Amino acid sequence: MSRGTGRFRELWDEIAPIGRDAGSGGYLRYALTAPELRLREWFRAQADLRGMPVSGDGNGNLFAWWGDPDSGGPAGVGAVLTGSHFDSVPHGGAYDGPLGIVSAFLAVDELRAAGVTPVRPVVVAAFVEEEGARFGVPCLGSRLLTGEIDADRAAGLRDAAGVSFAEALGQRPAGADPALLGRFAAFVELHVEQGRALVDADAPVAVASAIWPHGRWRFELRGEGNHAGTTRMADRRDPMLTFAFTVLAANKEARLRDAHATVARVAVEPNATNAIPSTVTGWLDARAAAPETLDGLVEAVRAKAAERARRDGTELTVTRESATPLVTFDGGLADRLAGLLAAPVLPTGAGHDAGVLAAHLPTAMLFVRNPTGVSHSPAESATDADCAAGVVALARVLEELACH
Ligand code: HGY
Ligand code: MN
Ligand code: MN
């Protein structure tokens, strides 16, 4: 085992057990819940070990600084930001998010061991609620920092137990922080690949070119709750029928457009075996390579659902809960890093905090090979050797950006 692989495994083993479900092997690391709070404490301890002061932004995001936190910004020397998120989807994989944070601390170690002294601060970030698995809006922390979501809307977002984001955070989120954002000259996020392109390319690391436009839409269907045994079929206004048709329509319309549509979350009231539902709420996750394709997909699904609702005598309300436009990463930066690393350049259909920050500062992503290509599942994987290669690549990128 190489020294780098050993160092990776040593640090990785410190967090691997945190939030892991013994039954599924997946992770239950919802934002600001006990497992994620433990990971945030681990983050602070790692920063302390490295003499990196940790600052917050009042939104739940953490920033560990190698260099003077007060430098940077328009008057000073811009800091180079790296990092990712700790939170997971339910029973998610080990690497989605935490790999970017562990790799960032190890990249700092690599640079220090090589005697590198950056002229810009290097900052390791842990963004809160990237998955939106608890409060429903993905990249909540980076959207707050950049002002892409209103702080009052964020404060009022509630989890399944009715706890608001503000209550979980312990304060009303501070919202946009242009002064802090202005201290950063660039952001580089390392992330496990959520696909198999690097397996096919036989390469351990890639640079990202773009993120597909994508979003989440809530389909609320209201009908008439009634008795399953005494209500004639002809007399029913059953929202479950409209919902089932909508799911099949989403599948068909996505296939027709070579796009991606998923309905994986549903809430039924009263959710009883012997009661026709009064309401069924489903969430559509839709993504496509081009904005107009995505718009066409969502409109087609909405129209099909509305047509079926008329037949079923149900009422449909569609609400967009979040949207991320097409993200094209800074082409000059991507090409520069791909040349530096001799790495392939890949688009992705997965959203990231880098996708939010890309609209505000030069931003790049590095992907680390995932042999299964599976993500948002316990089957997500990465080898220690490839993760160590990712650390070396990130260290080279940080040196390239922070030493000039
Ligand atoms: O959903 C996504 O694309 C990301 O993993 N949050
Ligand atoms: Mn994810
Ligand atoms: Mn992620």
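The legends below describe close-up views of two manganese sites and one helix pair in a predicted model. Local features need pLDDT of at least 70 and side-chain atom pairs count only at pLDDT 80 or more, whereas totals for chains, interfaces and linings use all residues. Residues are numbered from 1 along each chain as its sequence is written, chains are lettered from A and ligands numbered from 1 in the order in which they are written, and side-chain values use heavy atoms, with hydrogens and water left out.

**View 1. Coordination of the manganese ion (ligand 3) by His85, Asp96 and His191.** The donor atoms are NE2 of His85, OD of Asp96 and NE2 of His191, at 2.1 to 2.2 Å; donors are N, O and S atoms within 2.8 Å of the metal (3.2 Å for Na, K and Ca), and because water is not among the atoms, sites may look incomplete. Along the sequence, the donor residues are spaced H-x10-D-x94-H. Asp96 lies in the loop between β3 (79-85) and α3 (98-113) and His191 in strand β5 (residues 184-192), so this pair ties together parts that are 95 residues apart in sequence. Helices (H or I, at least four residues) and strands (E, at least two) are DSSP runs, numbered from the N terminus. Both Asp96 and His191 are buried, a term that means under 20% relative accessible area, with exposed over 50% and partly exposed in between (1.4 Å probe, protein chains only).

**View 2. Coordination of the manganese ion (ligand 2), with Asp96 as a bridge to the manganese ion (ligand 3).** Asp96 (OD), Glu131 (OE), Glu131 (OE) and His376 (NE2) coordinate the manganese ion (ligand 2) at 2.0 to 2.8 Å, and the donors follow the spacing D-x34-E-x244-H along the chain. The two ions bridged by Asp96 lie 3.5 Å apart. Glu131, in the loop between β4 (122-127) and α4 (140-146), and His376, in the loop between β15 (363-368) and α13, link distant parts of the chain, 245 residues apart. Glu131 is buried, with a relative accessible area of 7%, while His376, at 40% relative accessibility, counts as partly exposed.

**View 3. Packing of helix α11 (residues 331-341) and helix α13 (residues 384-402).** The two helices pack at an angle of about 125 degrees, with their axes 10 Å apart, where axes are lines fitted to C-alpha atoms, for helices over the stretch in contact, and angles run from 0 to 180 degrees between N-to-C directions. In the contact (heavy atoms within 4.5 Å), Leu333, Arg336, Leu337, Leu340 and Leu341 in α11 meet Ala393, Arg396, Val397, Glu400 and Leu401 in α13.
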